[in-house]
Amino acid sequence: MAIAVVAVLVAGVAVYVYQWSRRGMQPTITAAEGARRVEEYTRQAAARLPAHARLVNSGGTELFSTAPCDQPSDHGPQGRVQVSVSYQIHDLDPAKFTEYFDALRAFWSGNGYTVLTDSRPKDWYLWVQREPDEFRFSLEGNDLGKLYLGGVTPCLWPNGTPPA
């Protein structure tokens with residue numbers, strides 16, 4: 001009986017380790033779908049700011065940036081990418097940064113996001129992760145009175161499927 005229990009436990013651990021090691025080889029959403037979602041989630045957060053806030057792309061000439069996911073947190077395979085979007089928020093009063101940060105933190109906390117970092121009052125930086133899909137977002141302010149809102153996808157296969 002004891003041998004059977006040990007065999008079942010060893011088999012269970014082996015299956016778990018195999019599935020964990022293959023996690024990065026699972027299909028994902030496509031990079032295009034990731035771009036659509038990161039934009040949608042960013043706009044949902046921005047809607048919690050005053051109506052006169054104006055978002056201006058701060059990522060260069062393209063709305064979305066795509067970067068290799070060479071050192072993914074899950075130590076998965078190379079070839080995946082992350083898609084991000086970044087906006088500078090114009091027409092808001094820097095004296096009210098606390099209100100803006102509190103509004104977005106409340107929105108994110110109440111809508112399935114986990115606060116990863118809130119560096120206030122030392123720094124104007126708030127970083128959250130949406131569960132369960134692991135999209136991440138940040139709100140960042142600086143001493144020049146500039147405010148930035150951005151988001152990034154988890155590691156994705158560009159076309160949604162790992163290479164054969």
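These are my notebook entries on what I looked up in this structure, which is a predicted model.

**Entry 1: overall layout**

I began with the secondary structure and found that the protein chain holds three helices and seven strands. Following the sequence from its start, I wrote down the order of these elements as α-α-β-β-β-α-β-β-β-β. I then looked up the burial of the chain, and of its 164 residues, 30% are buried. For the surface I noted an accessible area of about 9800 Å², with carbon and sulfur atoms contributing 57% of that area. Turning to contacts with a sequence separation of 6 or more, I found that 61% of them are between residues 24 or more positions apart.

**Entry 2: the disulfide**

I next searched the whole structure for disulfides, and the search gave one. The bond runs between C69 and C155, with a computed S to S distance of 1.8 Å. I placed both ends on the chain: C69 sits in the loop between β2 and β3, while C155 belongs to the segment after β7, so that the pair links distant parts of the chain, 86 residues apart. I also checked whether the two cysteines are covered, and both C69 and C155 are buried.

**Entry 3: R80**

Staying with the stretch between β2 (64-68) and β3 (81-90), I looked up R80, which lies in that loop. Is R80 buried or exposed? Its relative accessibility is 4%, and because the cut-off for buried is under 20%, R80 counts as buried. I then asked what a polar atom of the R80 side chain lies beside, and I noted the backbone oxygen of P77 at 3.2 Å.

**Entry 4: K146**

My last residue was K146, which I found in the loop joining β6 (136-141) and β7 (147-152). With a relative accessibility of 34%, K146 falls between the limits of 20% and 50% and therefore counts as partly exposed. Which residues does K146 touch, once those up to four places away in sequence are set aside? I listed Q88, F97, E140 and G141 as its partners. Of these, I could place Q88 within β3 (81-90), and both E140 and G141 within β6 (136-141). I also looked up the spacing between K146 and P94, which stand 52 residues apart along the chain, and their C-alpha atoms are separated by 7.4 Å.

How values were computed
Residues numbered from 1 in each chain as written. Predicted model: local features only at pLDDT ≥ 70, side-chain atom pairs only at ≥ 80, totals over all residues. Heavy atoms only, no water. Helix = DSSP H or I, 4+ residues; strand = E, 2+ residues; numbered from the N terminus. Buried < 20%, exposed > 50% of the residue type's maximum accessible area, 1.4 Å probe, protein only. Contact = heavy atoms within 4.5 Å. Areas by Shrake-Rupley, 256 points an atom, 1.4 Å probe, with all protein chains shown as cover. Polar contact = N/O pair within 3.5 Å; in protein donor to acceptor, adjacent residues only side chain to side chain. Disulfide = S-S within 2.5 Å.
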